[in-house]
Every structure is written in structure tokens, then in C-alpha cells.
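Subject: Structure handover

Hi,

Here is the structure I promised to pass on. Please open it alongside this note.

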Amino acid sequence: MKIAFIHCGVNNDNGTFVPRVDPNWIHHGISSISAYIKSKGYTDVSCINLCRLSHIDEFRALLDTTYRNTDVFAISMMSVDFEVAVDCIDIIKQLQPEAKIVVGGIHATLMTHEVEAVKNIDHIIVGEGEISFGDLLDNLSNNTHVDRLIRGIRPEDLDSLPPVDCDLMGRLESAYMPIMPEPFVSIIAGRGCIYGCKFCQPSEKILFGSRVRRRSVDNVIAELKYLRDRYQFKSVMIHDDCLTEDKQWIKDFCAQYKKHGFDQPFIIQSRVDFICRNEDLVKQLADAGLRLVSIGFESGSQRILNFLSKGTTVEQNIKASEICHKYGIKIKGNFMLGTPSETNEEAQATLEMIKKIRPYRISVTFYTPLPGSYLHDYCVENNLSLLENHADYNRSNLRKAKIKGIDYDFLRQIAAQIMEHQTFLEDNIQALTANLTRQLGRKPKTLVFRSAPVDTVKKVISACGLHNITVDILTQQQCALEFSSIDNIDTCLAVDINGFTLESVAGVIEPLRAESYDLCLVPLNSWDYQTYTQILSIADRIGIENIWGICMDNQLLNLKKALA
């Protein structure tokens with residue numbers, strides 16, 4: 001039997017696939033089901049990752065070639081995936097009408113009636129899928145009748161399941177954060193969440209049950225040892241919604257992680273109330289290798305936290321961040337604006353709180369009424385939703401108004417200010433220059449191009465941690481005056497973007513070449529593509545091998561690779 005999973009993870013923009021997730025991240029649910037059915041003898045298993053396709057025509061072409069005569073197509077569907085999944089289902093039935101289409105995932109579990117209305121779906125699995133999908137394949141192989149709607153069998157002992165399939169989607173992933181060295185992997189140690197946040201629950205409890213089922217520490221360590229032996233990974237993320245509610249498990253994991261020789265840094269998700277009440281365990285986690293923790297702070301308004309049934313306080317948000325900083329644990333802060341009834345003043349309070357938290361990375365979203373949550377039902381009952389299609393369930397889309405009664409123009413301004421308070425640009429540039437320092441055996445000599453507003457560039461070059469100004473060659477005299485007091489940059493080459501050509505800076509290339517630069521930093525702003533290629537040409541003529549762009553969202557981009 002030939003089986004193909006389909007990982008959605010994209011929006012379909014008139015046929016063009018726009019990825020919402022990194023194409024190199026694996027889908028643990030699909031990979032776990034694949035491992036289980038392979039253990040039952042179904043070995044002809046593969047996956048179509050839509051995130052690695054650019055257009056729906058590529059999907060159609062794959063069905064005509066690689067996936068011709070596939071017996072079963074299995075699709076895991078989130079709410080945001082619904083439209084693109086249905087598009088793929090329709091194409092499959094057009095080209096391979098005899099193939100069976102099986103749909104599962106959180107949307108099928110929570111919005112079963114909507115999925116049932118899609119006539120081209122043969123079977124729908126509600127709940128967890130490993131055991132039930134394996135049983136379905138057995139029945140299909142034996143031509144045994146199977147109901148269209150299948151209630152998933154929940155595996156109570158997660159240790160009884162095989163480790164996720166390393167070959168289905170490729171086990172190595174893009175690093176979750178730039179500070180995490182690659183090769184990077186991720187695992188899941190448990191399923192479920194005991195907390196009651198209104199924007200999430202009861203969907204998690206419907207899918208996984210009211211209690212958390214967690215793999216044993218020995219089972220997790222065994223998987224990590226296998227991944228270390230096979231991939232020599234250098235960092236890892238444990239994806240559990242909240243890993244830390246079982247204190248004894250955390251103590252045992254920290255001890256076993258160190259006992260078995262793991263020194264790879266790792267990432268987990270936790271809560272501020274746990275961190276505040278268990279500083280000793282936070283220290284143990286840091287000693288074992290915890291380098292970044294993802295925390296849902298959500299809001300700087302206590303009224304909003306209470307409205308969300310978050311079970312935490314603003315004071316805990318700030319205290320937990322102080323504890324993390326104390327032990328050298330970086331923070332990825334998750335914040336939600338636009339909760340029903342939130343005022344502009346409460347959104348402003350979130351910004352003020354973030355200034356105190358000082359997160360390494362920030363994820364700021366607009367509240368989105370996702371199906372299966374108490375707050376979704378509240379929005380339906382009060383006729384608040386402005387969502388027009390399933391793609392609007394994308395929480396990170398800050399262009400889209402989600403609910404009525406919210407001043408989204410104001411929130412977009414707040415969101416932009418919030419993003420300015422990430423600290424990871426400084427950390428990343430320091431890591432970049434530290435790596436070059438190790439390679440060169442000395443501090444790299446650095447050239448910075450600029451055309452951005454002076455205040456912006458001052459912030460950037462201050463973050464660079466550069467020292468000892470030696471040359472100040474500028475094509476705009478006013479810039480020379482504005483930067484005359486800065487002493488932490490080797491050279492700043494400012495360009496007039498209205499008339500920037502190679503000829504306009506030809507007089508400075510030879511002096512710069514004589515300075516022997518190792519690194520070039522380019523704050524990316526409104527310059528067009530042609531301007532960047534000219535900068536690369538200048539940097540190449542100067543002989544600079546390392547050319548990095550500082551994106552407007554503070555990401556670092558390898559310009560040579562990006563514009564090659």
C-alpha cells in the first residue's frame with residue numbers, strides 16, 4: 001500500500017503557495033503517525049510538504065509523477081489550513097479518483113461538521129491518530145468496511161509509541177532561534193495542558209484529554225541519544241505546551257541530560273507562575289543547558305489577564321523575566337493585542353511591561369477567535385468576529401482586523417514599538433563577530449553602510465559593539481557631523497540613495513581596500529534590489545568576504561547568499 005501524507009502550512013494566494021512556517025520544520029504529528037504505521041509494516045510512506053512548493057501546479061505535477069497510483073493520502077489540518085487542504089483534496093480526486101483521502105488534525109477534531117461537509121473526503125479521524133490510522137489501513141487492506149467518521153484511540157502510554165519518523169520530512173530543522181547552533185532538532189515529550197486559558201481551551205483538552213501524558217525521562221533521553229548519534233545535533237527544542245508543571249520530571253530530566261553527556265543548549269516553553277515559584281528548578285534547568293524559554297506573557301493589563309483566565313499576574317511577568325536574566329536564560333516573549341474589550345491604554349500597558357521584561361525575541365499577535373476556544377464562543381455569541389475565511393485564522397497577520405471594537409491602527413503602532421524592544425539584534429551581531437573573531441584570531445574590522453535615519457543607525461551600530469573609529473569616509477557631509485561623536489565603529493560609509501552609483505563612491509574604494517575589512521554590515525531599509533547589488537559590488541572590490549544585512553525586523557541576512 002502506497003501512503004502519502006500532506007503537510008499544509010501554506011496559504012494559497014491564487015495558486016501561489018505562501019509558507020506560514022519554515023519549510024525545514026517537521027510536523028511532529030504526521031511524523032509520529034508515520035513511525036507508528038511503519039512499525040505495523042506499512043513502509044511505502046512519504047510526505048508532500050507544501051511549504052517546499054511554490055505553486056499549486058507543482059502539487060498537481062507531483063500527483064502525475066512521483067505520487068501516481070498512491071492508495072491513501074492523509075492530511076493533517078489546522079483551521080488556517082482548511083481552504084488549501086480542500087484545494088489539494090479536489091485535485092487528488094480529479095487525478096486519482098480511486099485514492100482514499102483521510103483527514104485528521106485539530107480542525108477535524110474541533111470542527112468535524114465542517115470537514116464532514118467536504119464530499120471528497122473518505123475518512124475523518126477525530127482526536128489522536130496513530131492507532132486509529134493504523135487500524136484504518138488494516139481495514140482498507142482487507143477490504144473491510146470502515147465508517148467515514150472515526151473516533152481516534154488515545155495512546156495512554158506514550159512510551160509505547162515509536163520515536164517520530166526521522167526519514168519522512170528530514171529530521172534536521174532550521175534553528176528555532178539564531179543563538180541555537182545547528183544542526184538543530186526538536187522533540188515532543190508529552191501531550192496536553194492542564195491550564196485553562198480562554199483563548200486556547202477547551203480545544204487542547206478535547207484533543208488530548210484533561211490530564212498531561214508525558215513520556216518517561218528514560219524514553220526521552222533514549223531518543224536524544226539516537227538523534228545525537230545519527231545527526232550530531234548541537235541544540236534542541238522540547239515543543240511541549242508547558243514542560244515544567246511536573247517538577248519531579250524536570251529534576252530527573254536535568255540529572256539524566258547531564259549524566260548522559262549532553263551539553264547541547266535547549267529550549268522549552270514555560271509559565272511565569274512556575275518560574276516565580278520554583279527558582280531552584282529554573283537554576284537546575286539553566287545548569288543543564290536551558291538557554292531560551294518561550295513564555296506567554298500575553299498582556300500588561302491585569303484585567304485582561306483575568307479576562308483570559310491566564311492565572312498569572314503582571315508582577316509575575318516582570319519577576320519571572322528577572323529570574324531568567326539572573327540565570328542567563330534568554331526569553332522569547334509571546335504577547336497578544338486586541339483581546340475583546342481591550343482598551344488602547346491596556347495595550348499601551350503591555351508595551352510598558354515589555355520594556356521591563358527585555359525579551360530576546362518577541363512574538364506579537366492580534367487576538368484571533370480560533371475554533372474550539374471559550375473566547376471563540378464569546379465572539380460568536382456577541383457577533384464580534386471579522387474573519388472572512390480560514391486563512392484569516394493566521395494570528396501573525398497584523399494587517400487583518402480580527403474582531404469588532406478594536407482600534408487596529410493604534411495596535412499596529414504599538415506592535416511596531418513593541419518589536420523595537422527585542423534584544424536579539426545585539427546578541428546576534430555579537431555572536432556573529434565572536435565567531436569571526438575566533439576564525440580570524442582577532443576582532444574583525446568592520447565597515448557599515450548606511451542611508452537609514454541617523455537615530456536608527458546609531459541604535460544599530462551601538463548594538464554592534466564595534467570599537468576604535470579609524471576612518472570616516474562619507475559621501476554626505478551632514479552625516480559626518482551627525483556621526484562625529486560615535487566611537488564604536490571602524491568605518492561608516494553613508495550613501496546618497498538618490499544618486500548612488502559605483503562611480504559616486506569610486507574615490508573611496510581604494511582607501512577602503514587598504515584598510516583590509518573582514519565584515520560589512522548593511523542596515524536594510526528602503527533601498528531597492530539594484531542598490532544592494534551595487535553595495536555587494538563595492539564590498540567585493542574592497543575584498544570583504546562577510547556581508548550581512550540587518551533587516552527591518554532585526555533579522556541578520558547573508559546578503560551574498562540572498563542576492564547570489
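Below is what I found, starting with confidence and moving on to the sheet and the salt bridges.

**Confidence**

This is a predicted model. The average pLDDT over the chain is 87. Of the residues, 86% score at least 70. One stretch to flag is residues 452-489, where the pLDDT is below 50. In the model, that stretch still has 76 contacts beyond near neighbours in sequence.

**The sheet**

Six strands make up an open sheet. Their order is β4-β1-β5-β6-β7-β8, and the pairing is parallel. The edges are β4 (45-49) and β8 (149-151). Each has a single partner strand, so one side of each lacks a neighbour in the sheet. From one strand to the next, the twist averages 25 degrees.

Inside the sheet, β1 (residues 3-7) pairs with β5 (residues 72-76). Five bridges connect the two, in the parallel sense. H7 sits opposite S76 in β5.

Which strands does helix α3 lie across? Helix α3 (residues 82-95) lies across β1, β5 and β6 (100-104). Against β6, helix α3 runs at about 165 degrees.

**Salt bridges**

Side chains of opposite charge can pair when their charged atoms come close. How many salt bridges does the whole structure hold? The search finds 26. Three pairs are described here.

- R214 and D240: their side chains meet at 3.5 Å, N to O. The pair links distant parts of the chain, 26 residues apart. R214 belongs to strand β11 (residues 213-214). D240 is in the loop between β12 (235-238) and α9 (247-259). Buried means under 20% relative accessible area. R214 has 17%, so R214 is buried. D240 has 3%, so D240 counts as buried too.
- R215 and E223: the closest N and O atoms of this salt bridge are 2.7 Å apart. R215 is buried, with a relative accessible area of 10%. E223 is buried as well, at 6%.
- R277 and D273: the N to O distance in this salt bridge is 4.0 Å. Both residues lie in helix α10 (residues 272-277). They are four residues apart, about one turn of the helix. Are the two partners buried or exposed? R277 counts as exposed, because its relative accessibility is 60% and the cut-off for exposed is over 50%. D273 is buried, with a relative accessible area of 6%.

There is also a network. Salt bridges with shared partners join E128, E130, R154, R191 and R213.

**A closer look at E130**

One member of that network is E130. Where is E130 found? E130 is in helix α6 (residues 130-141). Its relative accessibility is 3%, so E130 counts as buried. Which residues does E130 touch, leaving out those up to four places away in sequence? They are S32, I33, Y36, P155, L161 and R191. R191 is thus on this contact list and is also in the salt-bridge network.

**Where to look**

For the sheet, begin with the β1 and β5 pairing. For the charged pairs, begin with R214 and D240, which link distant parts of the chain. When you reach residues 452-489, keep in mind that the pLDDT there is below 50.

Best wishes

How values were computed. Residues numbered from 1 in each chain as written. Predicted model: local features only at pLDDT ≥ 70, side-chain atom pairs only at ≥ 80, totals over all residues. Heavy atoms only, no water. pLDDT = per-residue confidence, 0-100. Contact = heavy atoms within 4.5 Å. Buried < 20%, exposed > 50% of the residue type's maximum accessible area, 1.4 Å probe, protein only. Pairing = 2+ DSSP bridges. Axes fitted to C-alpha atoms, helices over the stretch in contact; angles between N-to-C directions.
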